[in-house]
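User: I would like to learn how to read helix packing, empty space and backbone oddities in a model. Can you take me through one?

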Amino acid sequence: MRERPEWDVAVVGAGPAGLAAASAAAAAGARTVVLERAQHPRYKTCGGGLIGASLAAVAGQIALPARDRIRSATFTLRGGREFTREHGEPLLAMVTREEFDAALLRRAKEQGAAVRQRAPVRALDQAAGLARARLADGSAVTARVVIGADGSSGVSARHVGVTFAQVDLGLELEIAVPGPVRRQWSGRVLLDWGRIPASYAWVFPKGDRLTVGVIAARGQGEATRHYLREFTARLGLAQFEVVRDSGHLTRCRAAGSGLRKGRVLVAGDAAGLLDPWTREGISFALRSGALAGEFAAKAVVSDRPGEAESALDEYVAAVGRALVPDMRAGGLLLAAFARHAGAFHAGLATPKGWRVFVKMCRSEISFAALIARPSARMALSLLTRA
């Protein structure tokens, strides 16, 4: 007699990808459980800038806990050649991950998903058309489909065999600032293009704190740490209290890397889904998570082996259509930016460059659509060959 699983869908990880997956699966009628190793609310190293695609993904689902709305941006190249541009409508919404993830968690519960916190998953296995998550306490959770959303270094990515082509080190400070400094940064971000190839730094305002960070290719740890120290000191922020000092690795999937193994799907960071150039990952997490939940629920409607396999294959195809083209385009932009950051900086200073930046932030144009323009293709070709 075939084993009856406890759940239709088990989601490993309660970040944006996992909670988007849980909401979608539960809303479609699947008996869904989320397994989270920590306890919400919990801090996560993350810039917390929500672009238009992220805002669209959560519109009508949560009350957005925005700390700030960004209408202007300051740009510098290695600390110099500064300029600032403004836009009438918000470019980004700034959130803390504690508050944003808590809102997503409430939404998943409202849709009917069960949530088990302090339930770290140590291994995954599969047999007889079922997937099993083995927890640190020795217990196990069985489901018809498991969605792995536990990060690029989690058990889900290893189980599926995700391979990564790009690994970057992000370092971040959460700095408590007094009123005058808050007002100085309110509604404005700063982006600096660094000396390390393909690196950049940022200041993101979040009410009583500033998120200050840098990112660069892994393997240049000391240079990246020096960049953060120099950047913070240059802006006069080193004198204020550092509430958090953290770092993390972002990993971007290799072309053709797997998104599924049997009854286990991966989404978000666990799948290496993020933009290679900006390393923005929240919009990819929300979108891939929602797709994973949707197709996982389809796979368990009848649980006929052929139909279930087809539905899970549809997830892979949907990611390929919706997300992979922008990742491919982001990789081309990264290659050009790594060699000619000064050209990107000069381009942003022009009215046309600023309009394109605004559209990218607001997700009014995709990277894939951008580089499909003849002028952009020509510019990228020249920059990558020069």
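User: Which hand does the crossing of α1 and α3 have?

Analyst: The crossing of α1 and α3 is left-handed. Left-handed means the near helix is turned anticlockwise from the far one by less than a right angle; clockwise would be right-handed. Helices (H or I, at least four residues) and strands (E, at least two) are DSSP runs, numbered from the N terminus. This is a predicted model, where local features need pLDDT of at least 70, side-chain atom pairs count only at pLDDT 80 or more, and totals for chains, interfaces and linings use all residues. Residues are numbered from 1 along each chain as its sequence is written, and side-chain values use heavy atoms, with hydrogens and water left out.

User: How do I read the geometry of a helix pair?

Analyst: Two packed helices are described by the angle between their axes and the distance between the axes. Here, the axes of α1 (residues 16-27) and α3 (residues 97-110) come within 8 Å and cross at roughly 15 degrees. That makes α1 roughly parallel to α3. Angles under 35 degrees count as roughly parallel. Axes are lines fitted to C-alpha atoms over the stretch in contact, with angles from 0 to 180 degrees between N-to-C directions.

User: Which residues of α1 and α3 make the contact?

Analyst: From α1 come P16, L19, A22 and S23. From α3 come R97, F100, D101, L104, L105, R107 and A108. Contact means heavy atoms within 4.5 Å. The set divides into seven nonpolar, one polar and three charged residues.

User: How is empty space found, and what is the volume of the largest cavity?

Analyst: Rolling a probe the size of a water molecule over the atoms shows where empty space is left. A cavity is a set of points on a 1 Å grid over the protein atoms alone where a 1.4 Å probe fits but cannot get out; lining residues have an atom within 4 Å of a point. The largest cavity has a volume of about 40 Å³, the space filled by probe spheres set on the points. Its lining includes Y43, C46, R97, E174 and R209. By type, the lining has three nonpolar, one polar and six charged residues.

User: Which backbone oddities should I look for?

Analyst: Most residues other than glycine have a negative phi, and most peptide bonds are trans. In this model, a cis peptide bond joins H40 and P41, with omega about -5 degrees. P41 is in the loop between β2 (32-35) and β3 (49-50). R118 is not a glycine, yet has a positive phi of about 50 degrees. R118 lies in the loop between β8 (114-116) and β9 (121-127).

How values were computed. Parallel < 35°, antiparallel > 145°, perpendicular 65-115°, else oblique. Nonpolar A, V, L, I, M, F, W, Y, C, P; charged D, E, K, R; others polar. 1 Å grid on protein atoms, 1.4 Å probe; cavity = no way out; pocket = protein on both sides within 12 Å on 5 of 7 lines; lining within 4 Å.
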